[in-house]
Structures are given as C-alpha cells and as structure tokens.
Amino acid sequence: MIRPVDTDPLSGALRGERPALLYVIPTASNPGGAIMDTATRRYLAGQDFPVIDDEVCAELCFDGEVPPPLAAFDERAITISSMSKSVWGGMRLGWIRASTPLVSRLARLRAIHDLGGEVASQLAAAFLLERMEEVRRSRIELLKDRHDHLCRELATHLPDWEFRPALGGQTLWVRIPRGDVDAFAQLAQRHGVAIAPGRGFDPQGAVVDRMRLHFLFAREELSAAVRDLARAWAAYDGSTARSPRHALIV
C-alpha cells in the first residue's frame, strides 16, 4: 500500500523557482510515515538542480512494495542513508550514493575536516551488513507492534485527535481538533509528557495544530504516556492530574 506524501506545498514551492538544493524524505517520511508515489519520485529526480533523497527510514516500511529511490529514475539524484534508524540510534554511520565526481569531492572535503571514522562502529556495521535482512525483519516487527499499540491507545483515550497510521518509520503525525500545539505542549510538559510541536517541522512555522509522536517505547510506556496526554488534554477544559514523565520526543 502506498499513501502519497502531500506534495502540494512542494509543487507550489518549485513552481517558477530553481532552488540551489532540494532535500526530500520520500520513503517512511518524517514525521508522518508516508510513502511518495512513483510518479512524484520520477518528477523530482528529473529536475535540473541537486536533489537529495534521504533513505534513512526506507528499510522500516511495514507492508507492501515500496517504489525505488529517486536515483533509479535519474542517476544525478543523491541518496543518503545510515544505520541509525534500522539498527540503533547510537550507530552514527552513514553513506552517500552519488556521481563519481561528487563522491570524490566529498571524500576530499571529509579528509580535510575529519581525520578518520570511529573504528568500532565501522567493524560493527561490517558485521551487521551481512545480517541486515534478519535485523530489518526484527526491527520492523517490533516497530509495527508498537505503532499499532499507540494507534489503539490514541483512538481509545483521545478519540477526537486525528492521524493516519504510518506506513513505516518511527513516528505519527497527529492533529488536535482545536487550539495551538505549542501552548498544549507546555501544558503537557506540566503533566509529565514531552511532545514535539508541528511548528518545528514546517519551514514557515505555520503548522500550529499538529504534533509528532514516536512509537519507540515499550507498550507499557506508550500506554502511560497516552494516558498522561489525555489528562493534559482534559486540562484544556479545566481538569488536571499529576503523573510520571514519559517523553515522546525522538
């Protein structure tokens, strides 16, 4: 199943403009976990300016067939990825797929600014790359279970909130029915829950009714966090409650 990324703002921004660089997350996008359709990928890959395709979460799609990366449609597209999402957040090791001249230039710049990579992580990555399919299946199974649990908890305790189940990745993009998430985030903090307001994911800062919630915690922690969120939301109508802290910021 492919649910297209909302590309209307992107199309509007590109109309009549030639940006110096375009950065996109077409697969298991952050924050909504959507997947860009093939036609849009082909269109973006064919632009006459550099396009970076961030595939960091591409290995974390839950179901079905995923379109190929932008580089499959035009070799000028630049693909970046890492093991920080598919394996472990502490595995800060990544790679770039690009044209030979660009890779050579980046390698020279890296040699100037970085004397060398961390050896232990590289050895661990070499070991894990031979077992990536096993690691990937295990990771997806865990994330899908926690994703489904968080969706059920939100539907039960906060039925007025709106969201689309993610197709992959680690986060949900949630809309509150009224109010400003920045103000709600401050209230939620006092109820022991840290959330990421949507304004921080919008270059214009215009998204005031959405937040990003992750599903990385165990089921019990997610349940407790949602209950605290529900109490914080009820405080908009006058009731308050104390609770332990459960951060939902990645």
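**Exercise 1. Contacts of Thr79**

Task: In this predicted model, find which residues Thr79 touches, leaving out those up to four places away in sequence, and decide whether Thr79 is buried or exposed.

Solution:
1. Beyond its sequence neighbours up to four places away, Thr79 touches Asp53, Glu55, Ala71, Trp95, Ile96 and Arg97.
2. Thr79 is part of strand 3, which covers residues 78–82.
3. Buried means under 20% relative accessible area. The relative accessibility of Thr79 is 12%, so Thr79 counts as buried.

**Exercise 2. Helix 7: length and cover**

Task: Work out what span helix 7 should have at 1.5 Å a residue, then state which of its residues are buried and what covers them.

Solution:
1. Helix 7 has 16 residues, 219–234.
2. The expected span is 1.5 Å times one less than the number of residues, which for helix 7 gives 22 Å.
3. The end C-alpha atoms of helix 7 are 23 Å apart, which agrees with the expected span.
4. The buried residues of helix 7 are Leu222, Ser223, Ala224, Ala225, Val226, Asp228, Leu229, Ala230, Ala232 and Trp233.
5. Their cover includes helix 5 (132–157), helix 6 (181–190) and strand 8 (210–214).

**Exercise 3. Aromatic pairs**

Task: State how many aromatic pairs there are. Then classify the pair of Phe62 and Phe215 and the pair of Phe184 and Trp233, and say which parts of the chain each one ties together.

Solution:
1. Ring centres within 6.5 Å make a pair, and the count comes to five aromatic pairs.
2. Phe62 and Phe215 are 6.3 Å apart centre to centre, with 55 degrees between the planes, and the pair is tilted.
3. Phe62 lies in the loop between strand 2 (51–54) and strand 3, and Phe215 in the loop between strand 8 and helix 7, so this pair ties together parts 153 residues apart in sequence.
4. Phe62 counts as buried at 11% relative accessibility, and Phe215 is buried at 0%.
5. The ring centres of Phe184 and Trp233 are 5.4 Å apart and the planes stand at 80 degrees, so this pair is edge-to-face; the cut-off is over 60 degrees.
6. Because Phe184 lies in helix 6 and Trp233 in helix 7, the pair ties together parts 49 residues apart in sequence.
7. Phe184 is buried at 0% relative accessibility, and Trp233 at 8%.
8. Ring pairs link Phe184 and Trp233 with Trp161 into a cluster.

**Exercise 4. A charge over a ring**

Task: Over which ring does the charged end of Arg131 sit?

Solution: The charged end of Arg131 sits over the ring of Phe127, 3.7 Å from the ring centre.

Technical notes:
Residues are numbered from 1 along each chain as its sequence is written. This is a predicted model: local features need pLDDT of at least 70, side-chain atom pairs count only at pLDDT 80 or more; totals for chains, interfaces and linings use all residues. Side-chain values use heavy atoms; hydrogens and water are left out. Helices (H or I, at least four residues) and strands (E, at least two) are DSSP runs, numbered from the N terminus. Buried means under 20% relative accessible area, exposed over 50%, partly exposed in between (1.4 Å probe, protein chains only). Contact means heavy atoms within 4.5 Å. Rings of Phe, Tyr and Trp (its six-membered ring) pair if their centres lie within 6.5 Å; planes under 30 degrees apart count as stacked, over 60 as edge-to-face and the rest as tilted. A charge sits over a ring if NZ of Lys or CZ of Arg is within 6 Å of the ring centre and within 35 degrees of the ring normal.
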